[in-house]
Every structure is written in C-alpha cells, then in structure tokens.
Amino acid sequence: MASITSVSLLSEAEFGCEHLAAILTQSGNTADQFKSSFLKTHAALAPRPLALFPKPSTADHFPKQKGGLRPASLLRPKYTCLTCSEVCAPANRQAHTKETGHQFWDVPCSAKVAVTSSMTMTWNVFDRYLMEWFKVRILSIFVSFDLLKNNANKRACAKQGVRGLYNLGQTCYLNVILQTLLHDPILNAYFLGNGHQSHDCAIPDCIGCAVAEAFADFNSSDKAEGFAALNLLLASWRASPALAGYHQQDAHEYYQFLVDKLHASTEGHVDDHDQRCSCFFHNTFYGTLKSSVMCDNCGNITKTEDPMLDLSLDVQVQAKKRAMGGGVAPSATPTLNGCLESFTSPERLMAGVYNCSECGGTPQKATKRLRIKKLPAILCMQLKRFEHSSAVSEKVEGRVDFPLSINMLPYTIHRHRDDLDKSKFIYDLSSAVVHKGKLDAGHYYVYCKQGDQWVLFNDDQVTAATEAEVLNADAYLLFYNLRLFTASLQ
C-alpha cells in the first residue's frame with residue numbers, strides 16, 4: 001500500500017484522478033481526514049486471504065468482475081468502452097478490443113478518448129472528427145438526424161438556464177441577434193460540440209471565435225447574472241467600420257453580417273455562392289431562391305437562382321395591391337402567410353425593367369415570380385418596417401399575425417408534388433425580435449424559446465413570457481427552425 005507521501009505522486013497514475021493530487025498535497029485537518037479515509041478505503045478493498053478461498057496466495061483466485069476489474073482495483077483507473085459501455089481495467093483493454101473490435105475508450109476523469117490501437121485523442125479532437133463528419137453531411141438532402149442526435153447534442157455539464165446581455169452602449173441590436181443564436185438548438189449542437197476550434201484558428205479578430213466564446217460563457221458559467229459580449233462587439237467593429245461606434249444599428253443587417261462572417265470563419269468554406277459550399281453555416285442559414293421571368297411578347301422564360309439568407313417580406317404589400325385593385329381580400333391585420341403569398345405571387349414588370357434576349361434585347365413587359373428552391377434549417381423572415389425613399393425614411397408600425405408553426409411547402413417549387421413528406425417543410429418559431437421607437441432612436445428586445453418556455457430578453461433584464469405575449473408582439477424579425485432537424489436534437 002502506498003504511503004501518504006507517495007499517494008500524491010501516484011494519485012493520477014495509480015488511482016485514475018488527477019484531482020486527487022491537489023487534495024492529497026494540501027495541509028490541514030480536512031486534507032488529513034481525507035488522506036486517512038482514502039488510505040483506509042484502499043486497504044479495505046485490497047485482496048486478503050480468506051477461508052472462503054482455498055488458494056489465497058494468488059490474485060487469480062479472487063472474484064473477478066466483468067472487464068477484468070478486481071476489488072483491489074476499484075480506486076484505480078477504469079476505462080469505459082464507447083461502443084458497448086463495458087468497463088475494463090487498463091490491462092484488459094487490449095483483450096476486449098481483440099475480442100470485439102471496439103477501439104475507443106473514455107479516459108477516467110479527463111477530457112480524453114483513448115484509442116486502443118495507436119493513439120490518445122482529446123475530446124476536443126474527437127469532437128472535431130465527429131463534427132467534420134457531421135458537417136459534410138448536414139442537409140445533404142434534409143440532414144442525417146440520427147447523427148446529430150448522437151454526436152452533436154449539448155454536453156451534460158452545460159448550464160441549463162437563461163442569462164441576459166449587458167448593453168454596452170446602443171448594442172441592443174447585437175444582443176437580440178446573439179440571444180437568438182444562443183437559444184437555437186442547432187447552433188448549440190455546433191458550438192457546444194466544438195464545431196469551431198478556436199485554439200486552432202489563425203483568423204485575426206475572428207467572429208467565429210467570438211461567438212464560440214459567447215456560447216461557452218453563456219452555458220458554462222455558474223453565475224446567473226448577465227454578461228457582456230465584449231469580444232464579439234470589438235471583433236464586429238474591426239470587421240466592419242460601419243458598425244464601429246456607439247450608434248443605433250439595424251438588427252437585420254447585423255444578422256446578415258454575422259452569418260456572413262461565421263461562414264467566412266469556417267475551414268474549407270467557399271466564398272463564391274455560384275459554387276456549392278458544404279460548410280456548416282452555409283447549409284444551416286442559406287437557402288436558394290428561384291426567379292422566373294416570362295416575356296409577355298414572346299413567352300420566353302428566363303430562370304435564375306440566387307442564395308437566400310432570409311426572406312424580406314413587405315408588410316404593406318397587401319394594402320398596396322388592394323389600392324391598385326389587385327383583388328386581395330381585405331384584412332384588419334396582415335398575416336405572415338399573406339406576406340409569403342404576396343412574395344411568391346406573380347409580379348407585373350413594366351417595359352424598361354426587363355430586356356428580353358429572344359426579342360433582340362429590347363425592353364418588354366414581363367411577369368416575374370419568385371419561389372423557394374431550397375429551404376435552410378434556420379429560416380429568418382424580416383417583416384419590412386423601414387421604408388426609404390428619396391424624400392423620406394419612415395417606420396411602418398402595426399402588428400403582423402404570425403403562427404407558432406408554419407408549413408413552407410406552398411411557397412416552394414415543390415408546392416404541387418404529392419409524393420413529398422410534408423413534415424420536412426414544417427417550421428417552428430424559435431425567436432421573435434421586436435423594435436420599439438423611432439427609426440433612428442429605437443430599442444430592440446427579443447422573445448426566445450427556452451425548452452417549452454418563452455423568455456423575454458431586454459438586454460440584461462430577463463422575464464418569463466407567455467405564448468400570447470409572443471404572438472401579440474409587433475415583430476420585426478422572425479426565426480423559425482425546421483422541426484425535423486430540432487426534434488433530432490432532443
């Protein structure tokens with residue numbers, strides 16, 4: 001049996017926990033009591049001759065646990081097979097691998113994964129392999145949900161709760177977008193699964209590193225009060241001079257900026273949207289919008305496809321169409337579905353707007369129609385409340401009815417197909433950003449869904465909210481998540 005002085009030296013190698021060394025080397029009554037109890041326990045577990053055993057002189061005659069564990073080894077390192085969960089002593093790992101072919105082991109009380117064959121990886125590196133595997137497959141059609149569920153869920157040690165964000169001087173626009181990201185289950189799966197490797201990142205003032213830090217602060221801190229996303233603010237200022245300074249910014253524009261910078265921070269990303277990019281952020285945030293323009297003169301149809309980061313919906317379009325005799329049924333309150341129908345309905349283009357290639361490049365009247373070809377996993381919809389003209393800029397007030405869940409199939413190019421799984425087009429509301437006040441002197445706050453509960457975040461002030469309060473809000477930005485995607489993370 002080890003002496004008190006040698007226990008501290010052997011604590012990591014002999015007993016499997018490096019944290020014992022710090023305790024065993026302390027002085028004082030508490031440390032002495034712990035040392036005494038520890039040594040007594042170890043001695044009690046050591047094998048000793050008993051009448052029960054005919055040949056007590058050899059260890060092989062003592063009862064053996066599955067995986068090669070003996071009573072004397074209960075305080076020593078134990079390795080858990082990550083494939084079948086069998087617990088083995090160090091000497092028996094090789095035999096287990098030879099028998100079963102299982103090679104990955106959880107190293108006790110550390111952030112490492114042992115590989116029987118040739119190496120040991122930290123959990124960070126192991127997560128990186130898993131995340132790279134998951135990232136190249138994410139949304140290839142509509143995502144491998146089992147892969148996400150098994151390998152990209154929140155760590156058990158992550159904090160479950162809510163925290164506000166301090167306003168650092170007209171930074172409410174940043175706070176509402178960051179809170180939206182922090183409460184998104186897809187992004188939690190990515191950032192808490194080490195999707196962005198900050199320790200390997202060489203990008204100066206990297207936005208991805210700053211957001212990863214915010215996720216770590218929000219989920220890992222024992223403190224319940226608000227925190228400040230200072231590094232994200234500074235990185236944003238350095239990346240965009242237009243954002244620098246303490247003046248009001250548009251939350252929608254900041255969302256677009258942030259997603260673009262997150263995309264740029266991903267290893268192997270493709271900047272040219274005309275080329276296919278398989279990075280996590282491109283597949284999570286970007287969809288594809290298809291435009292068809294038909295010439296009224298010759299019937300020629302010109303089709304184009306463009307990346308879609310969000311849908312910008314005109315909340316006044318129904319009123320405008322009524323005024324022009326467009327046949328839109330009157331409604332006291334505009335609806336999100338009505339805005340989407342107007343967005344995807346045919347639009348008349350007057351001569352001078354469209355030049356037809358089949359008509360010698362001459363200006364022609366035409367009909368334009370937009371449809372969604374590919375939907376992203378996280379769908380942002382902007383309800384356009386800020387109108388700008390050469391004469392005046394103003395804010396459009398008034399509530400727009402929006403649902404907790406929405407079927408996006410009618411607004412896609414697949415709307416008439418009956419063979420599709422309709423559940424793959426159902427989205428659930430995850431966040432609603434509200435702007436109060438005037439165009440240049442307003443304030444943002446946001447409703448986010450935390451589990452089954454809605455929470456209102458007004459900078460560092462956090463209060464519970466009801467569904468009725470959320471649905472009654474004058475929303476400016478709405479964030480919806482693909483239901484099948486988020487369901488796989490629960």
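A residue counts as buried when its relative accessible area is under 20%. That cut-off applies to both Phe-280 and Phe-281, each of which is buried in this predicted model.

The overall fold comes before the rings. The protein contains 16 helices together with 21 strands. Of its 490 residues, 43% are buried. The chain also brings distant parts of its sequence together: among contacts between residues at least 6 apart in sequence, 61% join residues at least 24 apart. On the outside, the protein exposes about 24,800 Å², and carbon and sulfur atoms supply 52% of that area.

The aromatic side chains can be followed next. The structure holds 15 aromatic pairs. One of them joins Phe-218 and Phe-227, with 6.2 Å from centre to centre and 55° between the planes, a tilted arrangement. Phe-218 and Phe-227 are both buried.

Why is the pair of Phe-280 and Phe-281 edge-to-face? Planes over 60 degrees apart count as edge-to-face. The planes of Phe-280 and Phe-281 stand at 80°, with the ring centres 5.1 Å apart, so the pair falls in the edge-to-face class. As stated at the start, both residues of this pair are buried.

Phe-280 and Phe-281 also belong to a cluster linked by ring pairs. Which other residues does the cluster hold? Tyr-190, Phe-191, Phe-215, Tyr-255, Phe-285 and Phe-479 are linked into it along with Phe-280 and Phe-281.

Notes. Residues are numbered from 1 along each chain as its sequence is written. This is a predicted model: local features need pLDDT of at least 70, side-chain atom pairs count only at pLDDT 80 or more; totals for chains, interfaces and linings use all residues. Side-chain values use heavy atoms; hydrogens and water are left out. Helices (H or I, at least four residues) and strands (E, at least two) are DSSP runs, numbered from the N terminus. Buried means under 20% relative accessible area, exposed over 50%, partly exposed in between (1.4 Å probe, protein chains only). Contact means heavy atoms within 4.5 Å. Accessible areas come from the Shrake-Rupley method with a 1.4 Å probe; for residues, only the protein chains shown count as cover. Rings of Phe, Tyr and Trp (its six-membered ring) pair if their centres lie within 6.5 Å; planes under 30 degrees apart count as stacked, over 60 as edge-to-face and the rest as tilted.
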